[in-house]
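User: I have a structure here that is new to me. Can you walk me through it?
Analyst: Yes, go ahead and put it up.

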Amino acid sequence: MTNTMRQIKNLAKLELCNLYGINVFRFTKQQGKKRKYACLFVLWCLLLAMMAFYLGNLSYGLIVLGLEEVVPAYLLMISSTMIFVFGMLKAGSMIFRREGYDVLCALPLPKGVIAVARLFRMYVENGLLTLAVLLPGIAVYAWNARKGVGAAFYVIIVLDIFAAPLIPMSAAVLVGALVTGISSRMRHKSLAASGLSVLMVFAILYGTSRMAALEGNLDAEMLRDLSAMVTGMLEKVYPPAVWLGIAAVRGDLWMGLFGLFVSVAVFAAVSAGVVLCFANICEHLSGSFATHRYQLGELKAGSVAAALIRREFRRYFSSSVYVTNTVIGPVMGCIFAGTVFVMGADAVEQLLPAGLNTEMLIPFVLAGAFCMMTTTAVSVSMEGKNWWLVKSLPLSVKQVLDAKIGMNLLLILPFYAVSEVLLMFALKPDGRELLWLALVPLVMIVFSCVYGITVNLHFPVLQWENEVSVVKQSASSMLGGLGGFVAAILCALGAVKAGSAYSDLYNGGICAGIVILTAGLYWSNNRFDLCGKIG
């Protein structure tokens with residue numbers, strides 16, 4: 001037992017030593033890389049400050065409404081939801097990742113030790129997220145209720161911080177293990193895992209919409225006791241958050257310990273299941289199917305651009321994390337267009353505030369969905385240790401980058417075409433409206449692809465342990481992947497300010513400005529020194 005604990009401790013240290021790139025920042029001799037990490041640190045601090053401001057105001061608003069009793073439970077619900085949603089998409093790739101598995105398997109240690117160390121890393125990351133969510137809101141609550149808060153409150157809050165990540169993380173790990181375990185026995189593992197993950201995401205979205213429908217059935221009697229109503233709703237969605245939150249508010253140490261015990265028990269059960277199936281799933285993931293006898297047939301020559309785009313698609317579909325995180329936006333765009341088609345334009349317009357119409361907002365909303373996490377934002381980083389192959393090929397910078405942009409555009413094109421057809425039938429636009437309905441999303445999609453490449457060229461991550469750190473945790477995925485989405489939202493707000501009378505002038509100006517900006521970024525990208533500045 002002592003030897004096993006020592007092995008877990010050593011592997012956990014290895015997992016945590018470069019968390020968020022800390023080790024690279026400490027020991028790198030490249031001043032340029034240090035400056036980039038320093039800029040990223042400042043950016044993360046700004047984002048944390050914004051989140052703290054929002055959560056503090058949320059807590060204060062609940063207190064003003066007389067809902068101070070539900071503040072801890074509400075904050076625990078927010079942190080648990082974030083841990084589950086983000087963790088579900090990366091749990092399988094993080095725990096069962098193949099990088100380094102062959103080396104660790106050769107060492108004289110049980111396979112379960114590797115799984116426990118990786119679970120511990122996930123717990124530390126989720127614990128930091130819980131701290132970032134809970135501390136600002138709890139600080140506001142404690143200040144406003146300082147006369148009625150005793151020492152037991154702070155003790156239970158500390159227990160809550162340790163307990164809060166366990167159940168949502170267990171659920172995320174369970175989903176990730178099931179998706180990875182099922183897909184590992186299929187021939188096309190990455191595609192199967194991607195499809196199952198996307199289905200899970202939309203199942204969550206459907207469940208959320210059903211909860212929103214239940215909220216719409218509130219009557220006057222329920223509104224008289226708003227605190228009890230909110231507590232009841234939270235209890236329906238996630239009871240442990242209510243247990244831990246109420247225990248803190250009431251200073252009930254036994255209830256807090258009960259919540260901690262339940263959380264630890266659930267996490268231990270899920271962890272035991274992961275440890276038991278860890279080796280089996282990893283071996284199946286590393287295996288390959290060879291069910292055909294391959295014979296050399298006729299050789300065909302093709303263009304360089306087509307070959308490079310095929311290469312990009314093969315790399316794309318080989319990673320379930322890559323596919324899952326980049327295909328959800330286009331799928332949501334199709335779902336949005338389908339919703340408008342089913343409900344009808346008049347019903348959608350009635351949901352908007354007075355003075356707004358679908359003609360003004362729908363092109364930008366559709367563009368925002370398609371610009372959410374483009375593949376180009378991490379396409380250079382996904383080359384990883386194989387980047388030297390790209391640099392050694394007799395290709396120009398333009399050819400390499402055009403293939404990455406072309407692959408992203410070809411991926412989005414079917415979703416874009418389906419969405420446009422559905423919206424045309426739903427809105428029945430005239431020629432002018434049809435022009436902006438098609439042109440605005442198209443221009444913004446092209447911009448987001450080019451902008452994603454620009455960001456990834458300046459913030460590449462080629463030395464990565466697993467694909468999750470590139471697709472979900474890198475600076476380029478955050479800045480490049482959300483850049484087009486943020487631009488679409490800002491343009492939508494501008495369209496609201498411009499009004500219907502100036503919609504044509506505004507849309508034309510926006511399209512012209514984005515085209516000019518895209519051309520400038522494209523020209524700059526094609527003159528980037530791929531060999532000298534990356535790798």
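**Surface, salt bridges and confidence**

User: Is leucine 434 buried, partly exposed or exposed?
Analyst: Leucine 434 is partly exposed, because its relative accessibility is 32%. Keep in mind that this is a predicted model.

User: Which helix is leucine 434 in?
Analyst: Leucine 434 sits in helix α21, which covers residues 431–458.

User: Which residues make the nonpolar surface patch?
Analyst: Leu434 is one of them, together with Phe341, Val342, Val421, Met424 and Phe425, and the patch is about 560 Å².

User: Which helix gives the most to the nonpolar patch?
Analyst: That is α20, with three residues. Both α15 (320–343) and α20 (397–427) supply at least two residues each.

User: Switching to charges. How many salt bridges are there?
Analyst: The structure has eight. In general, side chains of opposite charge can pair when their charged atoms come close.

User: What does lysine 398 pair with?
Analyst: Lysine 398 forms a salt bridge with aspartate 402, at 2.8 Å from N to O. The two are about one helical turn apart because they lie four residues apart in helix α20. Lysine 398 is partly exposed at 40% relative accessibility, and aspartate 402 is partly exposed at 24%.

User: And what about aspartate 504?
Analyst: Aspartate 504 has a salt bridge with arginine 432, with the closest N and O atoms 2.9 Å apart. This pair links distant parts of the chain: aspartate 504 is in helix α24 (residues 503–525) and arginine 432 in helix α21, 72 residues apart.

User: Which residues are joined into one network by salt bridges that share partners?
Analyst: Arg311, Glu312, Glu383 and Lys404. Within it, glutamate 312 and arginine 311 form a salt bridge, their closest N and O atoms being 3.4 Å apart. Glutamate 312 counts as buried, because its relative accessibility is 8%, while arginine 311 is partly exposed at 27%.

User: Different topic: which residues in α12 are buried?
Analyst: Pro240, Ala241, Val242, Leu244, Gly245, Ile246, Ala247 and Ala248. Helix α12 has 12 residues (239–250) and should span 16 Å at 1.5 Å a residue, which agrees with the 16 Å between its end C-alpha atoms. After α12 comes glycine 251, with a positive phi near 65°.

User: Last one. What is the mean pLDDT of the protein?
Analyst: The mean is 77, and 79% of the residues reach 70 or more. Residues 208–224 have pLDDT below 50, and that stretch has six contacts in the model beyond near neighbours in sequence. Where pLDDT is low, predicted coordinates should not be read in detail.

Conventions. Residues are numbered from 1 along each chain as its sequence is written. This is a predicted model: local features need pLDDT of at least 70, side-chain atom pairs count only at pLDDT 80 or more; totals for chains, interfaces and linings use all residues. Side-chain values use heavy atoms; hydrogens and water are left out. Patches are made of residues with over 30% relative accessible area and no salt bridge: like charges are joined within 9 Å, nonpolar side chains (Val, Leu, Ile, Met, Phe, Trp, Tyr) within 5 Å. Accessible areas come from the Shrake-Rupley method with a 1.4 Å probe; for residues, only the protein chains shown count as cover. A salt bridge is a side-chain nitrogen of Lys or Arg within 4 Å of a carboxyl oxygen of Asp or Glu. Buried means under 20% relative accessible area, exposed over 50%, partly exposed in between (1.4 Å probe, protein chains only). The expected span of a helix is 1.5 Å times one less than its number of residues. pLDDT is the predictor's confidence in each residue, from 0 to 100. Contact means heavy atoms within 4.5 Å.
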